[in-house]
Amino acid sequence: MTNMSLVTTFILMGLPHAPELDTFLFGIFLVIYVLTVVGNLLIMLVIIMDPHLHTPMYSFLSNLSFIDMWYCTVSTPKMLMTLVSPEGSAISFPSCVAQLYSFHFLGSTECFLYTVMSYDRFLAISYPLRYASMMSGRTCALLATTTWLSGSVHSAVQTTLTFRLPFCGPNQIQHYICDAPPILKLACADTSTVEMVIFVSVGVVASGCFLLIVLSYTSIIHSILKIRTSEGRWRAFQTCASHCTVVLCFFGPGVFIYLRPGSEEVVDRIVAVFYTVMTPLLNPVVYTLRNKEVKKALLKFKDSHVLTKQ
């Protein structure tokens, strides 16, 4: 079916809340957005500046920081605009297409990247002596590139399927971003096939990645239990605990929204805040507070910056 859309502008209905909370919510989300961007920028800068962090693990972490910085930028500024003025709720058809593609591109890439990061930790802990040869710079670059390309293809499929439908009636999207489920409800055609394809597509990617992550960490736990010293076991556990925390916070809300039967618009919008706004903030918080190497590099970066000023 060719696109016969008559709708040229969509209206984002934003978060469900009382109007008197506009200013309060704007302030909260603005602070979170600024902290997220600054925190992830700082992680990328520290990893680039410190030669000791030029390892596969931190290369993947810098990719994750870059994704999270743009992931929240795709959704949060527009959400802030809906809170300050009614005009800010409007989004043109091409902009909505771009936002949906970017949102799922970055989200899918992050999903694949978490899988690669778990595989990297599996190699580092299970095969410490062979790790350097197994996860070479070339292999690391190839895995990172594959995650970006896979995310791009996965998002292109969802975006094409969604916007090839005709939109000729209501234009109010019951969300604060252009996302596939609420947009499909506005289509002037049968969407059951498209919904099923998107459901299977997201399901295969999410469940496949999560299964691989679980398998990696099952093997990691098995290897950790073989470590003879309690100190060694604790250090190995710490390297993975932060990754597990962020993974659960990312997959949990996403699975709840995309892979459960039925849809409750108000609940979906509130849950979506966790993986569009909170998870990108968790990345710099978790990886700086729980990671000794990053904390040490941050202190070194701070000291060198102070000396430069003097």
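This is a short selection-by-selection tour of a predicted model.

**Stop 1: the small sheet**

Start by selecting strands E1, E2 and E3. They form an open sheet of 3 strands, ordered E2-E1-E3, and the pairing is mixed. The edges are E2 (90-92) and E3 (172-173), each of which pairs on one side only.

Now zoom in on E1 (residues 9-12) and E2. These two run antiparallel and are joined by 3 bridges. To see one of the pairs, pick Thr 9: Ser 92 is its bridge partner in E2.

**Stop 2: the helix over the sheet**

Keep the strands on screen and add H3, residues 93-126. What does H3 lie across? The helix lies across E1, E2 and E3, and it runs at about 90° to E2.

**Stop 3: H3 against H5**

Hide the sheet and bring in H5, residues 137-163. Two packed helices are described by the angle between their axes and the distance between the axes. Here the axes of H3 and H5 come within 7 Å and cross at roughly 145°, and the crossing is right-handed. Try colouring the contact by residue class: you should find 15 nonpolar residues, 12 polar ones and no charged ones.

**Stop 4: the nonpolar core**

Next, show side chains for the largest nonpolar core, which has 82 residues. Which of its members touch the most other members? Pick out Phe 10, Phe 29, Tyr 114 and Phe 167. H3 turns up again here, giving this core its largest share, 16 residues.

Centre on Phe 10 and leave out residues up to four places away in sequence. Its contacts then include Ile 91, Phe 93 and Cys 96, along with Phe 163, Phe 167 and Leu 186. Ser 89 and Asn 171 are also among the residues Phe 10 touches.

There is a second, separate core of 5 residues, so-called core two for this tour; select Tyr 33, Val 37, Met 44 and Met 69, which are among its members.

**Stop 5: Val 271 on H9**

Finish at helix H9 (residues 265-289), where you can select Val 271. Is this residue buried or exposed? Val 271 counts as buried because its relative accessibility is 17%, under the 20% cut-off. Expand the selection to its contacts, again skipping residues up to four places away in sequence, and you get Pro 253, Phe 256 and Ile 257.

For a last distance label, click the C-alpha atoms of Val 271 and Leu 225: they are 36 Å apart, with the two positions 46 residues apart along the chain.

Methods
Residues are numbered from 1 along each chain as its sequence is written. This is a predicted model: local features need pLDDT of at least 70, side-chain atom pairs count only at pLDDT 80 or more; totals for chains, interfaces and linings use all residues. Side-chain values use heavy atoms; hydrogens and water are left out. Helices (H or I, at least four residues) and strands (E, at least two) are DSSP runs, numbered from the N terminus. Buried means under 20% relative accessible area, exposed over 50%, partly exposed in between (1.4 Å probe, protein chains only). Contact means heavy atoms within 4.5 Å. Axes are lines fitted to C-alpha atoms, for helices over the stretch in contact, and angles run from 0 to 180 degrees between N-to-C directions. A crossing is left-handed if the near helix is turned anticlockwise from the far one by less than a right angle, and right-handed if clockwise. Ala, Val, Leu, Ile, Met, Phe, Trp, Tyr, Cys and Pro count as nonpolar, Asp, Glu, Lys and Arg as charged, and the others, Gly among them, as polar. A nonpolar core is a set of buried Ala, Val, Leu, Ile, Met, Phe, Trp, Tyr and Cys residues joined through side-chain atoms within 4.5 Å. Two strands pair if DSSP finds at least two bridges between them.
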